[in-house]
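Reader: I'd like to go through the ligand site in this one. Can you put the model up?

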Amino acid sequence: MPQNANSHAKHYTHTPGKTSLEKELIESLSRFITFRWIMAGGIGTTVLFVTFALSITLPLQSILITTLCILIFNFFCTSYQKHVKSYETFANLQISADWLALVFLAHYTGGIESPVICYFIFHVIISAILLSKKKCYLQTTFALLLILILSMLEYFHIIPHVQVKELFPTPSYDKSLYLVAVLFFCVTSFYISAYLATSVNNRLRKRENEVVALKDSVTEAYNRLEALDREKSEFTFKVTHELRSPLSAIQSLLKSIEEGYAGEIPQKARNLILRSEKRTGLLIALVNDLLDLVSGKIGTIREGEIKHININEAINNSIQLLQEKAKAKEIKIAFESMQKPVFIRVIPEDLDLILTNLIDNAIKYSKKASSILIRSVVTEKTVTMEISDIGIGIGEEDIKRIFEEFYRADNAKEFELEGTGLGLSIVKNLMNRYKGSITVQSKLGEKTTFFVSFPV
Ligand code: ADP
């Protein structure tokens, strides 16, 4: 990447991974080509207007031929620009060709007296934008040389002077003082313009380099953080995975003791064992949630595992799975299914995890003997599942945080002791993986509706 603002143009080459400066030069070049179409059109129309509407005598044929040459050259530039190897050389070539065209136009419209000379300033500015400082000064010198050659050739009558009588009744091209004055004006105005334009451009380029460097370091830091986060997730995955088997073993051992496998145990000991068994169950739930969360983060979707799943069937299955839990709280689950089966592409286990987590929460945080409504809505681009319950609701401040890992709202902790605060993070991670979304609408102490949308 170029560090020096003055030397940026030297580094423009046709590489597949273009830097932002290269991209900018390519864009500027293509704007330059568009500008040339407009200029050529403008020259043609102006000349025709001046000749026929203002009755000013100009060598129409020569000017139109020059305009045609500009158009042909621009056509070549348009077609060639995609195959360019060095953009800087391409820019140099175009600017030099334009100087030549301008000198011809100046010659046909009065030589050193022609107002076309003023247009050279545009190209000085364009050179400052497209080229390095040094090249811009070289191009400006080239333009001045061309003007000098033209004026000398006319002055010494080596080429004929085209006089526009209507504009300049008395020719001045052969008056030395006039020539010196115009050339002085050209030299000073061209170089001052080149100096101002390159200074402004270099300052901008410097700022841009700083921004690019900053962006690069931010991207690098982000990538490093992402890699660290991944390492952390992989570590958590390994540890929790290792924890699951001994925890399950402890739970079944405690169950065996409680069932009398190791002989009669006093009631007090039984109560303690029951409490330990329950705690172990909670730990296993936490480990399972952690594993689901972490595998959602580190795992990538493997195409082979993705299936076309009928949404209605998946929802019905999840309801069946949680029916017992709902019955225990006398909660009715109603499902308004779509008439036609709708399919989404998803890994079945992921969809089950999403649905069971949300329905489980709805049961967990519902009032006793209330009802839960599940709906599925299809639009042109999405399939949305809505899970509504009438229960403790979620406060405005909590809504902002419930998708954070381990976050549980205070009213949830009071209402239901059991909970890891990981369920919604698992769902959110999975929805991100499928480029879907999860949102919630709720009012404290009233109704809560979760919306999960899959793209179709
Ligand atoms: P958990 O249910 O284990 O606490 P979740 O990640 O599933 O963890 O949910 C996070 C928090 O979001 C819950 O603790 C609760 O505060 C809130 N929440 C989720 N679902 C509901 C619901 N249906 N009604 C009210 N609050 C809910």
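Author: What follows is a short exchange about the ligand and the pocket.
This is a predicted model, where local features need pLDDT of at least 70, side-chain atom pairs count only at pLDDT 80 or more, and totals for chains, interfaces and linings use all residues. Residues are numbered from 1 along each chain as its sequence is written, and side-chain values use heavy atoms, with hydrogens and water left out.

Reader: Which residues come nearest to the ligand?

Author: Asn-361, Tyr-365, Arg-408, Thr-420 and Leu-424, out of 21 residues around the ligand; a residue counts as near if one of its heavy atoms lies within 4 Å.

Reader: What classes are in that shell?

Author: Eleven nonpolar, seven polar and three charged residues. Here Ala, Val, Leu, Ile, Met, Phe, Trp, Tyr, Cys and Pro are nonpolar, Asp, Glu, Lys and Arg charged, and the others, Gly among them, polar.

Reader: Ok, polar contacts. Which side chain has an N or O atom 2.9 Å from a nitrogen atom of the ligand?

Author: That of Asp-389. A polar contact is a pair of N or O atoms within 3.5 Å. On the backbone side, a polar atom of Leu-424 is 2.7 Å from a ligand oxygen, and one of Gly-423 is 3.1 Å from a ligand oxygen.

Reader: How much of the ligand's accessible area does the protein cover?

Author: 98% of the 530 Å² that the ligand has on its own, by the Shrake-Rupley method with a 1.4 Å probe.

Terms used
Polar contact = N/O pair within 3.5 Å; in protein donor to acceptor, adjacent residues only side chain to side chain.
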